[in-house]
Amino acid sequence: MGLHELQLAARNHGMPLEALRYDITPAGLHYLLIHYDIPDVDAEAWRLEVDGSVATPLVLSLENLRARPRVSLTITLECAGNGRALIEPHVESQPWLVEAVGTAEWTGTPLRGVLADAGLGDDVVEVVFTGLDHGLDHEVEQDYQRSLPLGEATREDVLLAYEMNGTPLLPQHGFPLRLIVPGWYGMAHVKWLRSITAVTQPFEGYQMRQTYRMWNAADADDGPGVAVERIRPRSLMEPPGFPDFFTRRRIVDRGPVRLGGRAWSGLGVVERVEVSVDGGSTWADAALGALPSSPYAWRGWSFDWDAEPGDHLLLCRATDATGAAQPESVDWNRGGFQNNAPHRVPVTVR
């Protein structure tokens, strides 16, 4: 790992895996990815502009948005690069292991209602979201911008969120307003929103065409790749016992051990979690917790293990309602995206 990756790792943090114990991740433990700088925003002066191919362009204050219909949803967010540091050969970028995730209660107003008030033109195909964060990415100067297809942007559960876990957004989480797109990886949840633009052609911005796409080793440099969108199934295990400081290897005493964790998917509710206590040679079903309040929130699971002395490699994997399951391994891709191979936890039983 080079100095540049260390700088990224110092700015952006994952969720400590012991925080899997919480149904709702405390804001300070929720994973965080900031592409450029945290903008300095004056909430009183800030305005959200809604423009493009609309009948009535809008300029909305935070007070205006708070006066609109209010909705709260519990949503699991995960970075598309979660697991990147575990892919070989190494991909240079934010060096995520498996901790780039968190679940929060997001409160705001449905985007669909704002778009309806603006009056979308019949020729609109996408909606573009522009943040206040500004910087360079591979020598391309830009505001952070992402778009959604019209059908996704007008879903009833897509929010313009101004609260996280019942309090105003923290600066690092997008204050004063961010987009929440349930089921999609974190890059779609544009923070520090300043404008929403209805467009009549697919948006060709950097964050849509030059990154957050899947290219494998055989793809030509100028190939289109495949867009990264919905979160793939994943299960994580809350680390049992206690850790070795440097290696993080877990130490537990022999005998009954209750294993547990969380599982989620942006494709459908998780309906199965399996656990292996022998490095993946055999698997057994875990007990699933209650269905979450939202189909896009993680689900708890537990598994009883009779631990025998020695070194063990524990694994877990999830399957969702569509039948999508975590693969044994993931093919390399140039961005290091969507590595949802089973979580592997080395444990020494004493």
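This note goes through some features of a predicted model, point by point.

1. Start with the nonpolar cores. The largest has 63 residues, and Leu-48 and Leu-160 are the ones with the most contacts inside it. Strand S7, residues 159-164, supplies the largest share of this core, 5 residues. A core of 19 residues lies apart from it; among its members are Val-257, Leu-259, Ala-318 and Val-347.

2. Leu-48 deserves a closer look. If neighbours within four places in sequence are left aside, Leu-48 is in contact with several leucines, including Leu-58, Leu-60 and Leu-65. Leu-160, Leu-177 and Leu-193 are also in contact with Leu-48. Val-59, Arg-194, Ser-195 and Ile-196 belong to the same list of contacts.

3. Next come the aromatic rings. How many aromatic pairs does a search of the whole structure find? The search gives 3 aromatic pairs. A pair of rings is described by two quantities, the distance of the centres and the angle of the planes. Two of these pairs are taken up in the points that follow.

4. The rings of Tyr-31 and Trp-96 are edge-to-face, because their planes stand at 80° and the cut-off for this class is over 60 degrees. Their centres are 6.0 Å apart. Tyr-31 sits in the loop between H1 and strand S1 (48-52), while Trp-96 sits in the loop between strand S3 (71-78) and strand S4 (101-110). The pair therefore links distant parts of the chain, 65 residues apart. Are these two residues buried or exposed? Tyr-31 has a relative accessible area of 7%, so it is buried. Trp-96 has 4% and therefore also counts as buried.

5. Trp-264 and Trp-298 form a tilted pair, because the planes of their rings are at 55°. The ring centres are 6.0 Å apart. Trp-264 is part of strand S16 (residues 255-264), and Trp-298 is in the loop between strand S19 (287-288) and strand S20 (299-307), so the pair ties together parts 34 residues apart in sequence. Trp-264 and Trp-298 are both buried.

6. The backbone has some points to check. Most peptide bonds are trans, and most residues other than glycine have a negative phi. Which residues does a cis peptide bond join? One such bond joins Glu-88 and Pro-89, with omega about -5°. Pro-89 is in the loop between S3 and S4. Another cis bond joins Phe-175 and Pro-176, with omega about 10°. Pro-176 is in the loop between strand S8 (167-168) and strand S9 (178-180).

7. His-138 is not a glycine, yet its phi is positive, near 50°. His-138 is placed in the loop between strand S5 (126-137) and strand S6 (140-149). With 68% relative accessibility, His-138 counts as exposed, because the cut-off is over 50%.

8. Trp-192 also has a positive phi, about 50°, and is not a glycine. Trp-192 lies in the loop between S9 and strand S10 (193-199). Its relative accessible area is 1%, so Trp-192 is buried.

9. Last, the surface. Met-1, Leu-3 and Leu-6 make a nonpolar patch of about 360 Å². Leu-3 belongs to helix H1, which covers residues 3-11. Why does Leu-3 count as exposed? Leu-3 has a relative accessible area of 61%, and exposed means over 50%.

Definitions and conventions: Residues are numbered from 1 along each chain as its sequence is written. This is a predicted model: local features need pLDDT of at least 70, side-chain atom pairs count only at pLDDT 80 or more; totals for chains, interfaces and linings use all residues. Side-chain values use heavy atoms; hydrogens and water are left out. Patches are made of residues with over 30% relative accessible area and no salt bridge: like charges are joined within 9 Å, nonpolar side chains (Val, Leu, Ile, Met, Phe, Trp, Tyr) within 5 Å. Accessible areas come from the Shrake-Rupley method with a 1.4 Å probe; for residues, only the protein chains shown count as cover. A salt bridge is a side-chain nitrogen of Lys or Arg within 4 Å of a carboxyl oxygen of Asp or Glu. Helices (H or I, at least four residues) and strands (E, at least two) are DSSP runs, numbered from the N terminus. Buried means under 20% relative accessible area, exposed over 50%, partly exposed in between (1.4 Å probe, protein chains only). A nonpolar core is a set of buried Ala, Val, Leu, Ile, Met, Phe, Trp, Tyr and Cys residues joined through side-chain atoms within 4.5 Å. Contact means heavy atoms within 4.5 Å. Rings of Phe, Tyr and Trp (its six-membered ring) pair if their centres lie within 6.5 Å; planes under 30 degrees apart count as stacked, over 60 as edge-to-face and the rest as tilted.
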